[in-house]
Amino acid sequence: MTEQEILCSMALARLPRMNMLQKRMLVKELGSATAVYAHRHELGRLLDSESRRLEEALKEMDNCMARAHEEMEFVSGKRVKCLCFHDKEYPVRLRECPDAPILLYASGNAHLNARHIVGIVGTRQATDHGRTTCRKMVERLAQLLPGTLVVSGLAYGIDVEAHRAALACGLPTVGILAHGLDQIYPRVHRETAVQMLQHGGLVTEFMSRTNADKKNFVQRNRIVAGMCDAIILIESASKGGSLITTSLAESYDREVFAVPGRPTDKWSEGCNTLIRRHKAHLLSCIDDMVEEMGWDKDIQIKKQLSQGLQQQLFPDLSPDETAIFNALKDCDYKHINQIAQDAGLPMGTTSTLLFEMEMKGIVHLIGGNIYRLS
């Protein structure tokens with residue numbers, strides 16, 4: 001994305017008196033945040049149904065642009081990546097959600113479009129049993145599906161336990177923050193956050209100098225829910241932020257899994273209720289989730305690939321299709337440009353073959369010209 005598009009996205013994202021749905025609508029209608037800014041004085045005429053409200057809201061965009069220039073200095077100095085809504089690195093799963101942010105700030109080296117992404121959330125008052133369960137599940141996930149991205153909120157309790165377990169097992173892990181990237185909250189998790197920058201990263205929709213206000217935590221939960229394939233709930237009282245995350249995940253058609261507890265356990269009330277109301281799958285071990293998600297097929301394919309049996313799986317592959325297959329087999333996903341380069345094929349040939357291989361069920365288009373093996 002160009003610097004101008006990033007600046008305009010920053011300004012539009014900060015604009016008050018407009019919700020995220022309205023901002024996304026503007027970007028969709030005009031094609032970019034740059035176009036929204038360029039036509040900010042005439043959008044009322046372009047979109048009659050929203051004219052009066054848009055005119056009033058967009059009057060403040062110039063002030064927001066001044067703040068965007070300040071933020072650009074910060075992100076440049078801190079090597080923060082700004083992911084605009086149409087950027088190929090923007091989380092494709094999150095992009096499907098109606099209230100997805102039009103801009104994300106990201107630090108670290110995580111692939112936010114990894115083949116498998118699991119969110120793990122739970123109470124801040126985690127018990128020893130809850131922390132042990134979290135660690136064991138992450139350990140098993142690492143054994144079954146190496147490379148799975150673990151997402152949580154870097155909060156006390158289950159959140160930070162999930163991050164630390166992922167780091168210990170060699171899984172990448174990303175923390176979704178409720179504030180800017182110029183701080184870490186809670187501060188006692190700073191050391192963990194620093195480690196995550198080398199083996200995952202930190203993501204937020206908030207500019208620097210944004211405090212960790214209560215409302216921001218609720219807002220950030222939709223990112224945790226939206227960018228994952230599945231959400232695991234480990235310990236929750238009858239009310240709490242983690243239940244908001246699972247509710248959002250359900251609204252986004254994500255799979256929700258909950259670890260059950262004894263009927264008398266206070267910190268299992270939320271989990272037991274979700275299971276009882278058929279709002280979550282009962283999760284006793286990670287193997288259950290892998291099977292429910294259909295990821296056991298991926299495990300079998302990886303085993304067969306490691307034994308050099310791809311030609312037995314797909315005996316009719318042409319030499320060029322085999323080159324594309326080989327370009328994808330050792331990664332979670334890849335953009336078409338990189339596939340063409342790695343396969344040593346012209347872009348036109350690569351595009352045609354990818355379409356044919358998708359029809360055969362060999363590859364899958366994630367979105368934005370990003371492919372993975374099926």
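In this predicted model, Glu-235 is buried, with a relative accessible area of 8%. Its position along the chain is the loop between β7 (230-234) and α12 (241-251). The backbone here deserves a second look: phi of Glu-235 is near 70°, a positive value in a residue other than glycine.

A companion case is found at the other end of α12. Asp-253 lies in the loop between α12 and β8 (255-258), and its phi, near 65°, is again positive in a residue other than glycine. The surroundings of Asp-253 can be described just as simply, for this residue is exposed, with a relative accessible area of 69%. The cut-offs make the assignments easy to follow: Glu-235 counts as buried because its 8% falls under 20%, and Asp-253 counts as exposed because its 69% is over 50%.

Another backbone feature involves a proline. The peptide bond that joins Tyr-185 and Pro-186 is cis, with omega at about -5°. Pro-186 belongs to the loop between β5 (173-176) and α10, and α10 itself spans residues 190-198.

Helix α10 also takes part in a helix pair. It packs with α9 (residues 158-169) at an angle of about 45°, and the two axes are 10 Å apart. An angle of about 45° lies between the limit of 35 degrees for roughly parallel and the range of 65 to 115 for roughly perpendicular; α9 and α10 are therefore oblique to each other. Their crossing is left-handed.

Turning to the interior, the largest nonpolar core holds 40 residues, and the members that touch the most others are Met-10, Leu-12, Met-61, Val-75, Tyr-105 and Leu-202. At least two residues of this core come from each of α1 (3-14), α2 (20-30), α3 (33-38), α5 (51-58), α6 (61-78), β1 (81-84), β2 (103-108) and α10. Helix α6 gives the most, with seven residues. Apart from this core lies another, of 35 residues, including Leu-112, Ile-223, Tyr-252 and Cys-271.

Aromatic rings complete the picture. Two aromatic pairs are found in a search of the whole structure. Rings also meet charged groups: the charged end of Arg-95 sits over the ring of Phe-85, at 5.9 Å from its centre. In a further arrangement of this kind, the ring of Phe-217 has the charged end of Arg-124 over it, 5.3 Å from the ring centre.

Technical notes: Residues are numbered from 1 along each chain as its sequence is written. This is a predicted model: local features need pLDDT of at least 70, side-chain atom pairs count only at pLDDT 80 or more; totals for chains, interfaces and linings use all residues. Side-chain values use heavy atoms; hydrogens and water are left out. A nonpolar core is a set of buried Ala, Val, Leu, Ile, Met, Phe, Trp, Tyr and Cys residues joined through side-chain atoms within 4.5 Å. Buried means under 20% relative accessible area, exposed over 50%, partly exposed in between (1.4 Å probe, protein chains only). Helices (H or I, at least four residues) and strands (E, at least two) are DSSP runs, numbered from the N terminus. Rings of Phe, Tyr and Trp (its six-membered ring) pair if their centres lie within 6.5 Å; planes under 30 degrees apart count as stacked, over 60 as edge-to-face and the rest as tilted. A charge sits over a ring if NZ of Lys or CZ of Arg is within 6 Å of the ring centre and within 35 degrees of the ring normal. Axes are lines fitted to C-alpha atoms, for helices over the stretch in contact, and angles run from 0 to 180 degrees between N-to-C directions. Angles under 35 degrees count as roughly parallel, over 145 as roughly antiparallel, 65 to 115 as roughly perpendicular and the rest as oblique. A crossing is left-handed if the near helix is turned anticlockwise from the far one by less than a right angle, and right-handed if clockwise.
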